[in-house]
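Student: Could you take me through one part of this model up close, and explain the terms as you go?

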Amino acid sequence: MAINVESLRKILELEQKKGYQDSAVMGGLDRLVRNWAAQTAKAIASPACGPNRPLAGRPELLRRFRRLRMDAPDYASLTREQRKEWVSGLVDWLDRAEAIPAGKAEARLSAVAKRQPPRARAKTPVNQSIDSPITVVRGISSSLAARFNKLGVSTVRDLLYFFPNRHLDYSQKKYISQLREGEEQTITANVWQAKEVMLGGRRSTEAIVGDETGNVRVVWFNNPYLARQIQTNTRIVISGRVSLFNGRPVFESPEWELLEDKELVHTGRLVPLYPLTQGLRHRQVRKLMREFVEQWSWQVEDFLPAEVRSHCQLMELSQAISQSHYPEDEAAKDRARVRLAFDELFLLQLGVLGRKRNWQESQPGTPFDVDAPLLESFISSLPFELTAAQRKVIGEVLADLQKSRPMSRLLQGEVGSGKTVVATVALLMAAASGYQGALMAPTEILAEQHFATISQLLSRMCHQEVADSHLRSYSGLLARPVSVALLIGDVPQATKQELCQRISRGDVDIVIGTHAVIQEGVQFNCLGLAVVDEQHRFGVAQRLALRQKGFNPHVLVMTATPIPRTLALTLYGDLDLSVIDELPPGRQAVKTRWLGPEQRASAYNFVRRQAAGGHQAFIICPLVEESEAIEAKAATAEYRRLSEEVFPDLRLGLLHGRMPGVEKDGVMRRFHAGELDILVSTPVVEVGIDVPNATVMLVESADRFGLSQLHQFRGRVGRGQAQSYCILLAQNPSDVGRERLSLIEKLQDGFALAEEDLRLRGPGEFFGTRQSGLPDLRMARLSDVALLEMARGEAERLFQADPSLGKPEHRGLARELARVWPNSGGEWS
């Protein structure tokens, strides 16, 4: 009979590594050593023991064995020093049993700290990189690879960064007598019985397992095959939720694995739950990922410079990847997330800083001459006084326009704060300097409104010579007429061709449009300024395409969506920030009220009273068509119901994104002219529509919108002199929905609401990065301000010291940055 020396030795090495805390095995060393001692005592007394060597006639082993009292060790009651001495004595005995010189015992135990982790023992051939397809991974066939492909995993690198959605905490180890109903718990037990049974008409497995404190029943529904896998008298680890059946605890379909001489994967620890698709199972993916991470994580190059890692006290990358999949504990998992989140934010910051540098320094910009008399004439012609915030921002924009380095500026301002006036000043300065300006809006309605507003502002200070539907011309501004064109997808083809020819000849000074402005058929003669409105609705590629129409033009980005500063610095880190944080005098706060479904009739009566007083109302519905998945009313069905049943005596119009442009324009013109009392609309009115006579904004299913979007809706009213109102109807809001609706009732400040929106919804919903053209964020939370600021600070410091990342110690970072930002024009490679 052989003595199993090596398995006990590994446990003792682990116990030393953990500081003699009696935590190397679940249930403590006492029980394990007692069981091991009972088998070993028989082996010592047998005529031939040990793996290869007879031990008969060696009674000194038995005497030393008895002195160690391994049949009743009582390790749990010893002090730390006593435990250290006892473990050392036991290791010495193991060495003698294996005929290893006793002097090597201490070396064996101390070597555990220097031993390479398991992954180092399974190194992959060097000709396989982490950018290889996942079929090079042992255990992944082409059919299994196809399933992972559906989850966006196609390379080894993808698989390393295929992090769990969350971890189940199965680390709470209990004796059976300590089990509590409803909690996630783990036990280590002996299998007394395992058999196939019928439960609820289904073939299932039932087991009785026990430890020294008692027995417990375990059932696996619809899994009869487990009865053959779980053998009587084996040691098993069970993790799961405990329920009561007839007053006694029972595990129902828990995770399980046999207690063997290897690390636990499914039980007794923080257990990962990975995203799945059809054909993938939790246990299958966990087992595969455990072996894969051990084998491959060490091959990931730690691109973060050593001084950054040291300064920020960050974990090494290979360790962070490993601990994100299979963490030792919550603390290790948190440290791993911090490292990986820092990487994402740090690379993002370096990327936007590099993009800004590339735009501003790779080509010289076009400095404008500020025409002071023209500026003064325009400002004095306005029907209102500029606010101090507007004057400040105009100063910042004009200062940028006079530099040879092209402007790259983000202008934030509430609805009605006067951003269009700032944009008009910049466009006029471009025209006065002999350059063309372009203004690009996300929707045709908003582009048309910009065209109408700018035309109206210009007509106040000069004579309008041409007044076509898509082209206006003004004399008296400059020595030559200034022309403004509207270029949208709805323009008749013949008119569009004529406009494009005028633009290419330089006969049009200001072009206002949608994405049609960046179509290949539109060629500018000399584009000097690009203004992009509502930037978060455009991807970076679109903005870059517009910029490439001219010779590195100045760029002014405008948004009415209040963006928290941390988010703006992250997603718009390549832009300088200007904020109009002041509304024009006389603007009243919009009274906001959240109502339940039982108050719908009173809301309708209020709308009717406002219409009777000569005012107008918006009614917003979330969707164009009925959807069972989302309990929101369709605008088309709601329009019909409201017209026929609720407001048959009032004039209603319908507006949604699927209507032809001409039809949308007709509806908006009628509403703006006061020919409609109520406009039933989808969220297309979120930006841009300006109707001063509208005093009521009624939003259906308001709990389905974010705070920032609700604030945008509210900004569509209150544009005139009369008191305005925002009514929010919500059928059955969740707790988060209730909090959101309570906040919009209390807060009028868009920036305060944006901060709350970011807190409640997170950055993904608040402001998805996919539209922004920025790298995806998997581990980073943009609400983590401290980490974001640390990453930005480190990026700026490194960027100032080595902007091209040419130093030898930064080459790894340059390679990673080129991979993450592939469209950086080769700047990092």
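Tutor: Happy to! In helix 9, the buried residues are V285, R286, L288, M289, R290, F292, V293, Q295 and W296; buried means under 20% relative accessible area, exposed over 50% and partly exposed in between, with a 1.4 Å probe and protein chains only. Please keep in mind that this is a predicted model, where local features need pLDDT of at least 70, side-chain atom pairs count only at pLDDT 80 or more, and totals for chains, interfaces and linings use all residues. Residues are numbered from 1 along each chain as its sequence is written, and side-chain values use heavy atoms, leaving out hydrogens and water.

Helices (H or I, at least four residues) and strands (E, at least two) are DSSP runs numbered from the N terminus. Helix 9 covers residues 282-296, 15 in number, and reaches 21 Å from first C-alpha to last. That is close to the 21 Å expected at 1.5 Å a residue, where the expected span is 1.5 Å times one less than the number of residues.

What do the buried residues of helix 9 pack against? Their partners are helix 6 (142-149), helix 7 (156-160), helix 11 (317-325), strand 7 (255-258) and strand 8 (270-273), with contact meaning heavy atoms within 4.5 Å.

For another helix to set beside it, try helix 24 (residues 735-746): its end C-alpha atoms are 17 Å apart, which agrees with the 16 Å its twelve residues should span. Its buried residues are G737, R740, L741, L743 and I744. They cover an arc of only 160 degrees around the axis, so they sit on the same side of helix 24; the arc is that of the directions from the helix axis to the C-beta atoms. The face turned away from that buried side carries exposed D735 and K746.
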